[in-house]
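Student: Please take a close look at one part of this model for me. I would like the cysteines, and how they sit in the chain.

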Amino acid sequence: MSSITWNETRQRIRADKQRLKTFYEQSPSGKPLWLLLNHSFLCVYLHRLSHFFFDRNNKVLARFFWHLNLLLTGADISPLSDIGGGLIVKYPLCVIIVGKLGENCTIEGHGGIGGGRDIKDIGAGPGLPVIGNDVYMAMGSFILGPIEIGDGAYIEPKCFVTRTVPAGATVECPQPRQRVQKSAVKAEKVSAE
């Protein structure tokens with residue numbers, strides 16, 4: 001595996017910046033005054049620096065930027081995660097990313113990408129997922145284990161994905177089971193006594 005160059009890192013940062021600007025132009029909240037002070041851009045920017053130094057075998061600076069990201073934005077994006085350009089993390093608080101992501105992925109927040117129980121390596125590292133381009137993860141969704149998520153997949157809110165998803169698919173959560181109400185039976189017994 002070849003090391004990422006500074007030019008590649010800058011190109012990815014430019015792609016992140018451009019995609020986030022486009023997102024904010026379409027958003028009713030409007031564009032932030034300084035993009036570097038925006039939590040969505042800052043978490044991705046700090047990850048890019050952390051990943052660059054990790055790839056260059058400078059573990060001290062990689063860990064510094066990783067922990068700075070945790071402290072300032074609440075996003076836990078591992079330095080070993082290889083993420084393509086154009087990443088948007090809408091709400092970085094409680095986001096955990098360990099794996100390989102393609103370009104133009106969107107993560108809403110309060111979710112994660114990481115390892116499962118199996119230690120099979122499919123390209124991102126032992127037990128880690130490989131995620132394609134243009135994947136959208138809605139709020140609270142998780143992708144765990146050595147699985148592949150195809151290009152253009154949409155993961156609905158609060159889904160827990162542990163199996164491979166084909167390109168262009170939408171992952172829906174099953175309806176929760178209905179709990180049987182037993183309080184009425186207990187109420188009858190109490191009133192009969």
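Tutor: Start with the bond itself. C159 and C173 are joined by a disulfide, with an S to S distance of 2.3 Å. The model is predicted, and that distance is computed from its atoms. The pair qualifies because its sulfur atoms fall within the 2.5 Å cut-off. By this rule, the count for the structure is 1 disulfide.

Now place the two ends. C159 sits in the loop that runs between β12 (154-155) and β13 (160-161). C173 belongs to the loop between β14 (170-171) and α4 (183-192). The two cysteines are 14 residues apart in sequence, so the disulfide ties those parts together.

Next, the surroundings. C159 is buried, at a relative accessible area of 2%. C173 is partly exposed, at 28%. The cut-off for buried is under 20%, so C159 falls below it, while C173 does not.

Two other cysteines deserve a look. C43 is buried, with a relative accessible area of 0%. C94 is partly exposed, with a value of 43%.

Finally, set this against the chain as a whole. The protein chain has 193 residues, and 43% of them count as buried; C159 is buried, and C43 is buried too. The fold has 4 helices and 14 strands. Among contacts with a separation of 6 or more, 41% come from residues 24 or more positions apart. The exposed surface of the protein chain is about 11500 Å², with 56% of it supplied by carbon and sulfur atoms.

Key. Residues are numbered from 1 along each chain as its sequence is written. This is a predicted model: local features need pLDDT of at least 70, side-chain atom pairs count only at pLDDT 80 or more; totals for chains, interfaces and linings use all residues. Side-chain values use heavy atoms; hydrogens and water are left out. Buried means under 20% relative accessible area, exposed over 50%, partly exposed in between (1.4 Å probe, protein chains only). Contact means heavy atoms within 4.5 Å. Accessible areas come from the Shrake-Rupley method with a 1.4 Å probe; for residues, only the protein chains shown count as cover.
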